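Let's take a walk through this one together. Have the sequence and the fold side by side, and follow along as we go.

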Amino acid sequence: MRTAPRAAEHHWRVAAAPGGLPLIGHALHMGRRPLEFVASLPAHGDLVELKLGPKAAYLPCHPDLVQQVLVNARVYDTGGPVKEKARPILGNGLITSDWADHRRQRRLVQPAFHTARIAGYATVMEEECAAEAENWGAGKAIDVSNAMLALTARVTARALFSTDIATGAIAEIQRSLPVIVHGAYRRAIDPTGLFQKLPIEANRGFDRALTRLHRLIARIIEDYRRTEGDQGDLLSALLSAEDPETGGKLDDQEIHDQVMTLLMAGIETTAGALTWAWHLLGRNPRAEEKLHAEVDEVLGGRAPGFADIPRLDYTRRVFTETLRLYPPAWLYTRTTTEPTELGGRRLPTGSDILISPYVLHHNPELFPDPEAFDPDRWLPERAKDVARGHYMPFGGGSRKCIGEVFGMTESTLALAAIASRWRLRPVPGRTVRPQAHMSLSAGPLPMVPRPR
């Protein structure tokens, strides 16, 4: 495998993406075939200029250039068309806050994801994963996408809120979140900003769903303020968090924005990745057999627990490889805060940068046979050849996903719990096409559970 050269030693290829149209640029390509379009750009250059509307944006295709952006969060701050249109939805949370705010927020939110807390959240994960495995019936097709969305919604809601509150919140979260996610993406790829102003049902439904979810979060925070003590959940951790540098705490609006961010980032993305895992296993019987052999050996017929995770090596590799093929955060943006240089191109303040893990993960120069599902490429003796910055489903730099360990723990337990009970068989004739919205979804995925 080729090791990427250092940025300073490289003669960078800078190119313009082909196929731009007047006024809208490449927005039509991004709307119709976004994955194929971005995956085609490395053939043109290490840094490719494209347009979403009249404004230029730059997609670094070489991992060294991607790392240059991610490790310099002050110069390449959050921003760009996707982030700017997410702010009215997420507020000023970890995903959308600028560099200075993000540093403070990260210090305050990080304790909620401390190892000791993850072990506590794992109890919720164990219970919900076991319950999901119990609920399925043999021989009747289920929509795996919906099942995984329901599972991750229950896990996230119960990790965020105490059990009593979570019970009432789960239904509203499941009802509203998909509408918000899809509406947010439609707004993000519209270079004119006109779509969200149209008096159509899609926009009215989006507004209703967003209002309901905001009201739910505000009511829960108000209820928590009336109670005392740590209930062992994420919201308790956010309420009690104290900045070690200033002694400051998060106010209600800041907590609201963090909760909204965690819901948006923690449910749809994990559900989508788990759905892809079942799809890949259903079409790769040897990998499925190895997964079943491992869960049988480690669990011996019982439900998995947090203590089993270190021994579920292959299970974890299955999910790691799934994230390579189908990274949920397939595209995100940064904006330059001062004049800078990237790949030999001088960029003025306010230049938009597009980062795509999908592009890196499908580059044959970085991953041999990149379209193949091969969990064993993550065995230690092979994974050592994956250089820093080649694999980044959780982002990188100071903005790397704060919930990485949470998501990996939840997904490993979910795969083990369900695989110990069921084989999921594809429905014949069903074509699965990735849907690149705010996260990378498989869409509806009917599969038939067969008892093991």
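Which residues of the largest nonpolar core touch the most other members? Keep in mind that this is a predicted model. That core counts 114 residues, and the ones with the most fellow members in touch are Met 148, Phe 161, Ile 173 and Trp 278. As for secondary structure, helix H7, spanning residues 144-160, is the biggest giver here, with 10 residues in the core.

Pick Ile 173 and look around it. Setting aside residues up to four places away in sequence, Ile 173 touches Ala 157, Phe 161, Pro 178, Leu 213, Leu 216, Leu 263 and Ile 267. Phe 161 turns up in that list, and Phe 161 is itself on the roll of residues that touch the most other core members. There's also a second core, separate from this one, made of 21 residues; among them are Val 66, Val 69, Phe 367 and Trp 378.

Now slide over to the strands. Strand E2 (residues 47-52) has partners in both E1 and E3. With E1 the pairing is parallel and rests on three bridges; one to look for is Ala 16 with its partner Glu 49 in E2. With strand E3 (residues 55-60) the pairing is antiparallel, over six bridges, and here Val 48 is matched with Leu 59 in E3. E2 and E3 make a hairpin with two residues between them, and Gly 53 in that turn has a positive phi of about 85 degrees. While you're looking at the strands, recall that in a regular strand the side chains alternate between the two faces of the sheet.

Just past E1, find His 26, in the loop that links strand E1 (14-16) to helix H1 (27-32). Is His 26 buried or exposed? It's buried, because its relative accessibility is 4%, well within the under 20% cut-off. Leaving out neighbours within four places in sequence, His 26 has contacts with Ala 17, Pro 18, Gly 19, Gly 20, Phe 37, Leu 50, Lys 51 and Leu 52. With Gly 20 there's a polar side to it: a polar atom of the His 26 side chain sits 3.3 Å from the backbone nitrogen of Gly 20.

Last stop: Met 438, in the loop between strand E11 (435-436) and strand E12 (440-441). Met 438 counts as partly exposed because its relative accessible area is 27%. Its C-alpha atom is 8.2 Å from that of Pro 328, although 110 residues separate the two along the chain.

Technical notes:
Residues numbered from 1 in each chain as written. Predicted model: local features only at pLDDT ≥ 70, side-chain atom pairs only at ≥ 80, totals over all residues. Heavy atoms only, no water. Helix = DSSP H or I, 4+ residues; strand = E, 2+ residues; numbered from the N terminus. Buried < 20%, exposed > 50% of the residue type's maximum accessible area, 1.4 Å probe, protein only. Polar contact = N/O pair within 3.5 Å; in protein donor to acceptor, adjacent residues only side chain to side chain. Contact = heavy atoms within 4.5 Å. Core = buried A, V, L, I, M, F, W, Y, C linked by side-chain atoms within 4.5 Å. Pairing = 2+ DSSP bridges.
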